[in-house]
Amino acid sequence: MLTSAALVLGSCDLADPPAGTPVFLRIDTILLDGNPGTQGFLSHKFTDAWVFVDDQSIGAYELPVVFPALLRDNSVITVTAGIKQNGFSNSRINYPLMQVWDTSPGFAEGDTIQLNPEVRYADDVAFHRIIDFEVSAPFTEVGASVPMQVATEDSLVFEGARSAYIEFNEATDVAELRGESVPGAAFPLSTDTIPEDDSPVYLEMDYRCNQVFDVWLRTLPPPGSTAAPINEYLLSLAPQSDWNKIYIGLTEKLGSLGLNA
């Protein structure tokens, strides 16, 4: 049996190459600027840079990084800070609480342009509770077998003059704490402190530990509310010999309380 085939080609124009001058962009780190008096210690763990040129995304890059880009005269480079939400590598996001940083550098073809982004919290970000233990430990113990202590030794202090710690010696040791302002609640929440829409809510925490510990979200709805209380495991934190920063996302969990309805 004989077969035949025909290949038919239509005429077409090649796409024009992207316009711009090729350069390299280098970002080693992203810095955080702000007011420690109203925003707490300016610690951060920005792991990634989300980069835009003239409002067009050119990628998200783990820091430090050098990568190619095409720039035009007066091009605007915009960088936003990226984090690992809840500390998970598969949950890298553009941190929504930060302002963007931009620049319009001069350049020549083939240049490596050093970028030094410095970001601030967005103007509408509200800090519900800042706990740094500089003045006092804003917790009281409730049936705890081991106390929360305040340290002033340089080897134990994160920043400033004081940090808090709990030392467990036995597997049965328990630390149960409550906030000073509202009995039974370490972080009192209400319609005044939870956004009335789906605006992001995060707990930022600096910690150091020599054993695994769990983070839970436990709540009691206000009197008269029909929302069910939350008593939910969030994540486990591995031992860290050095101080570590984590950003724990609470938007969805707090929204289920119904306080933002």
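**Close-up views of ring pairs, cores, strands and salt bridges**

Phe213, at 29% relative accessibility, counts as partly exposed, the class between buried (under 20% relative accessible area) and exposed (over 50%; 1.4 Å probe, protein chains only). The model is predicted, so local features need pLDDT of at least 70 and side-chain atom pairs pLDDT 80 or more, whereas totals for chains, interfaces and linings use all residues. Residues are numbered from 1 along each chain as its sequence is written, and side-chain values use heavy atoms, leaving out hydrogens and water.

**View A. Aromatic pairs around Phe158 and Tyr207.** Eight aromatic pairs are found in the whole structure, counting Phe, Tyr and Trp rings (for Trp, the six-membered one) with centres within 6.5 Å, and calling planes under 30 degrees apart stacked, over 60 edge-to-face and the rest tilted. In the tilted pair of Phe158 and Trp243, the centres are 5.0 Å apart and the planes meet at 45°. Because Phe158 belongs to the loop between strand 12 (148-151) and strand 13 (163-166) while Trp243 belongs to strand 18 (residues 240-249), this pair ties together parts that are 85 residues apart in sequence; strands, like helices, are DSSP runs numbered from the N terminus (strands: E, at least two residues; helices: H or I, at least four). Phe158 is partly exposed at 23% relative accessible area, and Trp243 is also partly exposed, at 30%. Tyr207 and Phe213 form an edge-to-face pair, because their ring centres are 5.8 Å apart and their planes stand at 85°; Tyr207 is buried, with a relative accessible area of 7%. Phe41, Phe158 and Trp243 are linked into a cluster by ring pairs.

**View B. The nonpolar cores.** The largest nonpolar core, a set of buried Ala, Val, Leu, Ile, Met, Phe, Trp, Tyr and Cys residues joined through side-chain atoms within 4.5 Å, has 31 residues, with Ile27 and Phe46 making the most contacts inside it. At least two residues of this core come from each of strand 1 (21-27), strand 3 (48-53), strand 5 (65-71), strand 6 (77-84) and strand 9 (112-115). A second, separate core of 12 residues includes Val201, Tyr207, Leu250 and Leu254. Residues up to four places away in sequence aside, those that Ile27 touches include Val51, Phe67, Val79 and Leu115, a contact being heavy atoms within 4.5 Å.

**View C. An open sheet of three strands.** The strands lie in the order 5-1-9 with mixed pairing, where two strands pair if DSSP finds at least two bridges between them. Strand 5 and strand 9 are the edge strands, each pairing on one side only. Strand 1 and strand 9 run parallel and are joined by four bridges, and Gln114 in strand 9 is the bridge partner of Arg26.

**View D. Salt bridges.** Seven salt bridges are counted, each a side-chain nitrogen of Lys or Arg within 4 Å of a carboxyl oxygen of Asp or Glu. Arg26 and Asp28 meet in one of them at 3.0 Å, N to O. Arg120 and Asp33 meet in another at 2.8 Å, N to O. In the salt bridge of Lys245 with Glu204, the closest N and O atoms are 3.1 Å apart. This pair links distant parts of the chain, with Lys245 in strand 18 and Glu204 in strand 15 (residues 202-209), 41 residues apart. Lys245 is buried at 8% relative accessible area, whereas Glu204 is partly exposed at 25%. Salt bridges also link Asp48, Glu62 and Arg92 in a network.
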